[in-house]
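Biologist: Can you walk me through this one? I'd like to go topic by topic.

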Amino acid sequence: MTVTQPGTEPVTERVTLAADASDAEIIATVEAWLRAHLPEDWQAAVARGDLAAVEAIREDPERGPAWFDLLGDSGLATPTWPAEHGGLGLPADRGAVVTETLARYRAERHNRDFVGLVLAGHTILDWGSDEQKAERLPALRRGREFWCQLFSEPGAGSDLAGLSTRAVQQADGTWLVNGQKVWNSYAHLADFGLLMARTDPAAPKHRGITYFLLDMRTPGVEPRPLKQMTGNAEFNETFLTDVVVPDSARIGPVNQGWSVAITTLMQERNGLSGRPAVGPGEADALIARAVGNGAWENPVLRDRLLEAYVEEKVLQMTTVRSFVASGDAAPTAEGSIRKLAHSVLAEKLGVLGTDLEPDDAVAWDPAEGSEAADRFLAMKTYSIAGGTSEIQRNIIAERVLGLPKDPDPERHLPFNERGRG
Amino acid sequence: MYAEQREPEFGWTDEHRGLRETVRRVLADRAPVARARELAEAGERHDPALWSELAGQVGLQGLALPERYGGYGGTLLDLAIVVEEMGRVLHGGPFLPTVGLAAPVLLAAEDPGDGNADGNGPATEYLPRIADGSLTAALAVEAWDAAGGPVTSTTADASGRLTGTVPVVVDGGDADLLVVAAQGPAGPAPYLVEAGATGLTRTPLETLDLTRRAARITFDGTPARALGDPARGSAVLARARAVSSVLVSAEQVGGMTAATELTAEYARTRRQFGRLIGSFQGVKHRLADMAVRQEMAHSAAYFAAWQEPGTPEFVEAAAIARSYCGDAFLQTGLDAIQLHGGIGFTWEHDAHLYLRRARADRALLGSPQQARAELVPALLSRVTIEGVPA
């Protein structure tokens, strides 16, 4: 197999699948294609359940990209994209069957491609110019470009539209960008960033934002690792100092970036992850651990574990239901219900994990580490990232129950006349 | 217990939607919450004219009974929709006790799901009368053990005479037929006692849920008929209980949906401090949590209703639903009163009717904590097979 650079001839034929293909048809087609194209040692490793061997191939600097080129050109990496852009044109629930079949062979795209494949992909499909589509989509399909998101700022968290990074158009049409972004996963590795910046400070905050596809190698773009409370640095803060951005990098009209961002933020259901199911989850694993170390004999702990088990199963059922119910429709505020329930559950599980291993709540052997402590420290991610639980409750109350909107006295004020928050 | 890929649940059909609309319309017309309150305050068990109409024109009592028993051959899912709608309007009286608690035992005894459908036992006499509305029934079980089987101190002698007391039987004072769990020669098993049997004493009790009546039942050498194979008695009762759990969960979903809607409507219209109280986050966040519980409870009840009765998947999903819906409705009942403030604490307001229903339903078939304990055997068998993850 030869490694091919983006932009060159396709390395394989596109797979064809009807938009109304049955589960069985999709699975048969994808599996036949995988048997014909997936490297033999990869297939053998999957067959014997050797995930480490599969991971080694996936991460191999030659073989990994070669595989994802092939997958990208087959259309299977982007089943819901339109055929004219290299997808299969499938509805979301059909695309999900493709993705879950790939996942059984560990042949699906990396999780870390989420921002590119899902967020950038759909944003460009919906809002991009013909040039942007031609330049970016083939590489996204093949996973040749790595993307990050540059939305949040130190002063614009829950109130994202209050962002203050400035982009000023210059006489030659280019934009001069200055500001600071935060919570940017992989910004230090990314080729491109999805950037929102303030272009009209005299307009109300939602109406003065413009959206750009920022080349992260532009001078003045400086990601720095941001150490979280876990002690790890999975995120960055990104400093933007006199960054010159061509107008061709703008996506969507000037000052309508908020509408573009809605597309980005609504990419929950896109067929690029598998179908939800009811099955073993984190509570099952905690119960197994409790049985193993004797904590299960404590009736109070046991009932708390069972409570978490019930909640996790009911949340899975709710996810299945929302997937069936929404069909191909755009995601709605119902997603906030599941996000909130998941955040509450994650916290319960995090605390329970340390209750099962009380020593780990104090200290552990550095050579071994402590999964319970790691999970405990990471659990607050879920109730904050992607909109805090307080914001989710507002969304549910306002959009599901029809309660009055939370007062935002600055919503209609020109951005530059609002108080500093 | 879970297959890697499964048929999608929650694929509602037009028939399901039509059934829901029909039942909702009939109940809105004939049995709104105000009517449930009126009956409760008048000390009436139910509206017998409506009962006959539901059996006759609408066909609800026999909806999910097999056609050979005069029913319409509907599914448990169909019946869950009906019971949820009844739960919304706090419909009380004999429907749930008869159709949701007693009939499943008669059905399970007739057809235990092992291919040995009986077809000529006593249930064949009673089920058609339930279907046509001429018979009401109640389930008399003292308590349930950790394996989901009945606990009973009532004994049945060799000739089938019962002696003992069941402390609380919902609708037990009025039902035409009592389905009683008693200790028989081969262990706990279901027996049938008709109203008016000798040695049967029914003492009316005061109920927390005002829409339902209840009685203490005492047997003193009371003649009874064994229902089905006595050796399978405990399994029959456990099987029926899983079905009943799904239906009680559906009723809880209906109740908490209505209580949440009632409260949201109040928050959208009640003003204090110059603004709608629904604009205060202290109010809207509590209501958002109510909405979360309602969605999750709905998923739990109907996921269970979608499973094939009698399968391990069904039994587990039924216990999950009973655990989740029982706790969720209780909390929502409390929150509904809380968010209504003083008006919610008055007799005239409906909020307490929901809280009463929530608390009583949560005790009907064993507590949520008990439901969780029932999950343990299946869970542990999976843990043993899969081993302890590293």
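Modeller: What follows is a quick question-and-answer tour of this predicted model.

Biologist: Start with chain A. How many helices and strands?

Modeller: Chain A has 13 helices and 8 strands.

Biologist: And what is its radius of gyration, set against the globule rule?

Modeller: The radius of gyration of chain A is 23 Å, and the globule rule gives 22 Å for 421 residues. The two values are close, so chain A is as compact as a globular protein of that length.

Biologist: What does the C-alpha trace of chain A span along its principal axes?

Modeller: About 70 × 55 × 45 Å.

Biologist: What share of chain A counts as buried?

Modeller: 41% of its 421 residues. On contacts, take those in chain A with a separation of 6 or more: 70% of them join residues 24 or more positions apart.

Biologist: Which domains does chain A have?

Modeller: The assignment gives domain 1 (23-109), domain 2 (148-265) and domain 3 (282-400). The C-alpha centres of domain 1 and domain 3 of chain A are 30 Å apart.

Biologist: Switch to the interface. How many residues of chain A are in contact with chain B?

Modeller: 37 residues of chain A, against 36 residues of chain B. On the chain A side, the elements giving two or more residues are α9 (282-293), α10 (299-326), α11 (334-356) and α13 (389-400).

Biologist: Which of them gives the most?

Modeller: α10(A), with 14 residues. By class, the chain A side of this interface has 25 nonpolar, 5 polar and 7 charged residues.

Biologist: You listed α11(A) and α13(A). At what angle do they pack?

Modeller: About 145°, with the axes 9 Å apart. α11(A) passes α13(A) in a left-handed crossing.

Biologist: Which residues make that contact?

Modeller: From α11(A), they are Ser336(A), Ile337(A), Lys339(A), Leu340(A) and Ser343(A). From α13(A), they are Ser389(A), Gln392(A), Arg393(A), Ile395(A) and Ile396(A). The split is 4 nonpolar, 4 polar and 2 charged.

Biologist: Now a loop. Where is Leu88(A)?

Modeller: In the loop between α4 (63-74) and α5 (92-104) of chain A.

Biologist: Buried or exposed?

Modeller: Leu88(A) is buried, because 26 other C-beta atoms lie within 10 Å, and the cut-off for buried is 20 or more.

Biologist: What does Leu88(A) touch, leaving out residues up to four places away in sequence?

Modeller: Val15(A), Leu17(A), Gly75(A), Pro79(A) and Ala83(A). Also, Leu88(A) and Ala18(A) are 70 residues apart in sequence but 8.5 Å apart in space, C-alpha to C-alpha.

Biologist: Any odd backbone angles? What is phi of Tyr186(A), say?

Modeller: Near 60°, a positive value in a residue other than glycine. Most residues other than glycine have a negative phi. Tyr186(A) is in the loop between β3 (175-182) and β4 (192-198) of chain A. Tyr186(A) is buried, with 21 other C-beta atoms within 10 Å.

Biologist: And what about Phe273(B) in chain B?

Modeller: Phe273(B) also is not a glycine, and has a positive phi of about 55°. Phe273(B) is in the loop between β11 (271-272) and β12 (275-276) of chain B. It has 8 C-beta neighbours inside 10 Å, so Phe273(B) counts as exposed.

Biologist: Stay with chain B. How is it divided into domains?

Modeller: Into domain 1 (14-131), domain 2 (137-230) and domain 3 (234-386). The centres of domain 1 and domain 3 of chain B are 21 Å apart, taken over C-alpha atoms. Their contact takes 22 residues from domain 1 and 28 residues from domain 3.

Biologist: Which elements of domain 1 of chain B give two or more residues there?

Modeller: α2 (33-42), α4 (76-88) and α5 (95-110) of chain B. The largest share, 10 residues, comes from α4(B). The domain 1 side divides into 15 nonpolar, 3 polar and 4 charged residues.

Biologist: Which residues of α10 in chain B are buried?

Modeller: In that helix (residues 351-361), they are Ala351(B), Leu353(B), Tyr354(B), Leu355(B), Arg357(B), Ala358(B) and Asp361(B). These buried residues pack against α2, α7 (233-269) and α9 (312-340) of chain B.

Biologist: Last one. Where does Ala197(B) sit?

Modeller: In the loop between β7 (187-194) and β8 (200-204) of chain B. Ala197(B) is partly exposed, with 16 other C-beta atoms within 10 Å. Leaving aside neighbours within four places in sequence, Ala197(B) is in contact with Thr222(B) and Pro223(B). The C-alpha atoms of Ala197(B) and Pro223(B) are separated by 6.7 Å.

Methods: Residues numbered from 1 in each chain as written. Chains lettered and ligands numbered in written order. Predicted model: local features only at pLDDT ≥ 70, side-chain atom pairs only at ≥ 80, totals over all residues. Contact = placed C-beta atoms within 7 Å. Helix = DSSP H or I, 4+ residues; strand = E, 2+ residues; numbered from the N terminus. Nonpolar A, V, L, I, M, F, W, Y, C, P; charged D, E, K, R; others polar. Domains from an automatic or database assignment. Buried ≥ 20, exposed ≤ 12 C-beta atoms within 10 Å, placed from the backbone. Axes fitted to C-alpha atoms, helices over the stretch in contact; angles between N-to-C directions. Left-handed = near helix turned anticlockwise from the far one by under 90°. Rg over C-alpha atoms; globule rule 2.2 N^0.38 Å.
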